[in-house]
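User: I haven't looked at this one before. Can you walk me through it?
Analyst: Sure, here it is.

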Amino acid sequence: MDGRGHYENPVSDLLKFFLNPNAEHGLKDLFPSTFLECMGEGRPFNMKGIRIGREVPTLLGNKIDLQILGEDWCLTIENKIDHEPFNNF
């Protein structure tokens with residue numbers, strides 16, 4: 001399977017698009033700031049200079065579906081759609 005037929009990859013691509021404040025959607029940082037607010041962290045997150053990685057390798061050779069790096073914070077998302085959580089996250 002090339003990855004595009006697997007549900008987790010297109011969903012991760014879609015999340016990456018909307019979490020990126022500079023993407024063509026024009027929402028700026030509305031999606032990532034609201035996403036983080038819904039997580040209940042209760043603090044403002046600096047959205048300046050966000051970097052988003054897909055399939056980011058770990059030291060153990062696993063891959064993280066999405067890694068969002070802010071200047072002073074990091075959010076990792078391991079997408080599990082119709083799947084069991086086999087890897088450690």
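Analyst: Reading from the N terminus, the elements of the protein run α-α-β-β-β. Keep in mind that this is a predicted model.

User: How many helices and strands does the protein have?
Analyst: There are two helices and three strands.

User: What share of the residues is buried?
Analyst: Of the 89 residues in the protein, 30% are buried.

User: And how much area does the protein expose?
Analyst: About 6,400 Å², with carbon and sulfur atoms supplying 54% of it.

User: Let's pick a residue. Where is S12?
Analyst: S12 sits in helix 1, which covers residues 8-19.

User: Is S12 buried or exposed, and why?
Analyst: S12 counts as buried because its relative accessibility is 1%, and the cut-off for buried is under 20%.

User: Which residues is S12 in contact with, leaving aside neighbours within four places in sequence?
Analyst: Those are R54, D65, L66 and N79.

User: What about contacts across the whole protein, how many are between residues far along the chain, say 24 or more positions apart?
Analyst: Taking contacts with a separation of 6 or more, 37% of them join residues 24 or more positions apart.

User: Switching topic: how many disulfides does the structure hold?
Analyst: Zero. A disulfide is a covalent bond between the sulfur atoms of two cysteines.

User: Is C38 buried or exposed?
Analyst: C38 counts as exposed, because its relative accessibility is 65% and the cut-off for exposed is over 50%.

User: And what does C74 count as?
Analyst: C74 has 44% relative accessibility, so C74 counts as partly exposed.

Conventions. Residues numbered from 1 in each chain as written. Predicted model: local features only at pLDDT ≥ 70, side-chain atom pairs only at ≥ 80, totals over all residues. Heavy atoms only, no water. Disulfide = S-S within 2.5 Å. Buried < 20%, exposed > 50% of the residue type's maximum accessible area, 1.4 Å probe, protein only. Helix = DSSP H or I, 4+ residues; strand = E, 2+ residues; numbered from the N terminus. Contact = heavy atoms within 4.5 Å. Areas by Shrake-Rupley, 256 points an atom, 1.4 Å probe, with all protein chains shown as cover.
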